[in-house]
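Welcome to a short set of exercises with worked solutions. Keep the viewer open and try each task before reading on.

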Amino acid sequence: MADNSKKKNKTPQQRIQLEGEPSICSLKNLQVLLPQDIRDHLDGQDGTTTTTNGSKKMDQILEAMKIPPAATVCRVNLIQGTREEIQAELEAELKRLDLQDAFSVQPDSILDDVLQVVANTTETPTKNLHLAGPVEDPQAPLVFPTWPSRQTLGWPLKHRAVIVDRFCGEAVLRGSHIFVKGIMCADKGIQEGETIAVYADVRSTISKNRRIKRGYFLEQYRNRLCVYLGLGVAMFQRSDFFRLEKGVGIRMTPHARVGPMLPPISGILPSKVYFQNLPSVLVARALDPKPGHVIIDMCAAPGGKTNHVASLVRNNATIVACDKSRKKMIAAQQMFRDMGATCITALALNTTDCVVRDNNSEWQSVTNVLNAAQRAPDGLLDVTGFYPESFDRVLLDPPCSALGLRPKLQVVHTKLAELQDACAYQRKFIREAVQLLKPGGIMTYSTCTFNADENERMVRHILSEYETLELLPVLGGENSSIALGQPGLAGMGLNDEERGYVRRFDPLPSEAGCDTIGFFVAKFRKRQVS
Ligand SMILES: C[S@@+](CC[C@H](N)C(=O)[O-])C[C@H]1O[C@@H](n2cnc3c(N)ncnc32)[C@H](O)[C@@H]1O
């Protein structure tokens, strides 16, 4: 006889994962899973593993990961206008989209080039989360029954359904409508104008091997874990979802969406506002760029922090934006053009190996290097590197474990070693960054993770390995009125003064009202040689 005792103690989601059955769950019931060794490692870094209400901090973080921050942060492009002018244009856009009653635009009280678009609701942000959705019935079957039996069962909804991929699902949680390319499969017979139930496949695109083809019917979609996201209206009939190359395929219905009320405004006023996570806005501020500076962003794509630097200096600087990915830099180059950020030169460059180490050649300035470079047919200059001590400012925002990003339906890391690999990779960028920086110059280092190895411990590594660098307060000088973020973690290599200099953001909405992604910023200066 089968032993059902273990089965009884499992949540439906755990049972399914063990037994490989297909499953649907609500966002509320979805558990974002973290491999135990990664969890133990991260728990061990944080002295406050248990919070005041007795629950484990990591459980709270994993819960918070499913939900985006409650406000949409728009950083204004000061090259194109003042914050007040752009606020008026944003309000006009909300009106054009008939969203003016649901949302309002507010100037951020701390960051003077930020506008927040917030839901007009009397409910608190947490009460405003509709996480449960209509799939709460524990008696509900765990497979998608085929039509018409699904209709007879009345479940999951009285609507035909589509399944979107995980990235699309995360974008929907941030307020987006559904673009056709995100739709993986759809029920037979969907017609234009029909109300559709939307699910995200939590595991899709997790690895290339498991990537599934688009265009299936729901009956063919087996062994997947899907989370309910809400209702939307089909813009086309079913076959067009898979025939068209671009366009919105389903418009989500604002009040029938799961998660916080966020406005579907990504892509509006593309030359004037940039949708950015709040802590990211701190990075270009911390860099303290001045007119006339020569600046490099070593890992620039998609380009949000680079165009912020250009905005702060109103185009009066020489900015080089580099990324290993040529494709991403071609897109970033277009975005810089659209934003009028004419001072930025986009390059496809591997910045783990970008310092000219040829003792025989004469030192060349950045301007000389750029002027001497050939332009490739795609418009990017062919540059292979820069000479040491070429830059007044170095912005280093390297690839990281990205554990702080929200919303996240799935943690992609399956091994602790992957987190350690991220640190080894980051050290390669740091070595180059330190060489590129002029004496007296400033470098920022930032990540979107809460893993202390990539944050506080990396700062310790930098200070120990590169004696020419000193740590500065992120919120010093012109930024001293900015009260954002927390000090670094204790016991992770930094003394109390150093902990106060760096800024750490936990991905947990706090009672103080700070509801952001997980993030970390540190700021260094290269000492002048005496
Ligand atoms: C965290 S993202 C940067 C985000 C960007 N700073 C922004 O705010 O828009 C890290 C970037 O590093 C790039 N990258 C990875 N390896 C690289 C390398 N060896 N050289 C340059 N860029 C690299 C990735 O393609 C990715 O776009």
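The exercises below go from the annotated site to the backbone, then to a strand and the domains.

Two ground rules come first. Residues are numbered from 1 along each chain as its sequence is written. The model is predicted: local features need pLDDT of at least 70 and side-chain atom pairs count only at pLDDT 80 or more, while totals for chains, interfaces and linings use all residues.

**Exercise 1. List the residues of the UniProt "binding site" annotation and work out why they do not all gather at one spot.**

Step 1: The annotation, from an unreviewed UniProt entry, covers Cys299, Ala300, Ala301, Pro302, Gly303, Gly304, Lys305, Asp323, Asp353 and Asp397. They span 99 residues in sequence and their farthest two C-alpha atoms are 23.0 Å apart, so they do not all gather at one spot. UniProt positions are given in the numbering used here, feature names are shortened, and annotations may be inferred rather than shown by experiment.

Step 2: Take glycine 304, which lies in helix H10 (residues 304–312). Helices (H or I, at least four residues) and strands (E, at least two) are DSSP runs, numbered from the N terminus. A residue is buried if 20 or more other C-beta atoms lie within 10 Å of its own, exposed if 12 or fewer, and partly exposed in between, with C-beta atoms placed from the backbone. Glycine 304 has 21 other C-beta atoms within 10 Å, so it is buried.

Step 3: Now turn to aspartate 353, in the loop between strand E14 (344–348) and helix H12 (366–372). Aspartate 353 counts as exposed because it has 12 C-beta neighbours inside 10 Å.

**Exercise 2. Describe the shell around the ligand and the cover of H10.**

Step 1: The ligand is surrounded by 18 residues, and the closest are Cys299, Ala301, Gly304, Lys324 and Asp397. Here a residue is near a molecule if its C-beta atom, placed from the backbone, lies within 6 Å of it.

Step 2: Sort the shell by class: six residues are nonpolar, seven polar and five charged. Ala, Val, Leu, Ile, Met, Phe, Trp, Tyr, Cys and Pro count as nonpolar, Asp, Glu, Lys and Arg as charged, and the others, Gly among them, as polar.

Step 3: H10 and strand E13 (318–323) each supply at least two residues of this shell. H10 is mostly covered, with eight of its nine residues buried; among them are Lys305, His308 and Val309.

Step 4: Leaving out residues up to four places away in sequence, glycine 304 touches Tyr274, Gln276 and Ser280. Contact means that the C-beta atoms of two residues, placed from the backbone, lie within 7 Å.

**Exercise 3. Find the unusual backbone angles.**

Step 1: Recall the background: most residues other than glycine have a negative phi, and most peptide bonds are trans.

Step 2: Look for cis bonds. One joins alanine 301 and proline 302, with omega about 5°, and proline 302 sits in the loop between strand E12 (294–297) and H10. Another joins arginine 406 and proline 407, with omega about 0°; proline 407 is in the loop between strand E17 (391–396) and helix H13 (416–436).

Step 3: Look for positive phi. Aspartate 288 has phi near 55° and lies in the loop between helix H9 (278–287) and E12. After H10 comes arginine 314, with a positive phi near 50°. Asparagine 315 has phi near 75° and belongs to the loop between H10 and E13.

Step 4: Check exposure. Aspartate 288 has 19 other C-beta atoms within 10 Å, so it is partly exposed. Asparagine 315, with 15 C-beta neighbours inside 10 Å, also counts as partly exposed.

**Exercise 4. Which strands pair with E5, and in which sense?**

Step 1: Two strands pair if DSSP finds at least two bridges between them. E5 (residues 160–164) pairs with strand E8 (residues 195–201) in the parallel sense over five bridges. Isoleucine 163 stands opposite tyrosine 199 in E8.

Step 2: With strand E7 (residues 183–186), E5 pairs in the antiparallel sense over three bridges. Valine 162 has alanine 186 of E7 as its bridge partner.

Step 3: Both faces of E5 are covered, with Arg160, Val162 and Val164 buried on one side and Ala161 and Ile163 on the other.

**Exercise 5. How many residues of domain 1 are in contact with domain 2?**

Step 1: Domain 1 is 149–257 and domain 2 is 276–526, with bounds from an automatic or database domain assignment. Their centres, taken over C-alpha atoms, are separated by 36 Å.

Step 2: In domain 1, 10 residues are in contact with five residues of domain 2. Helix H7 (residues 166–173) gives the largest share of the domain 1 side, four residues.
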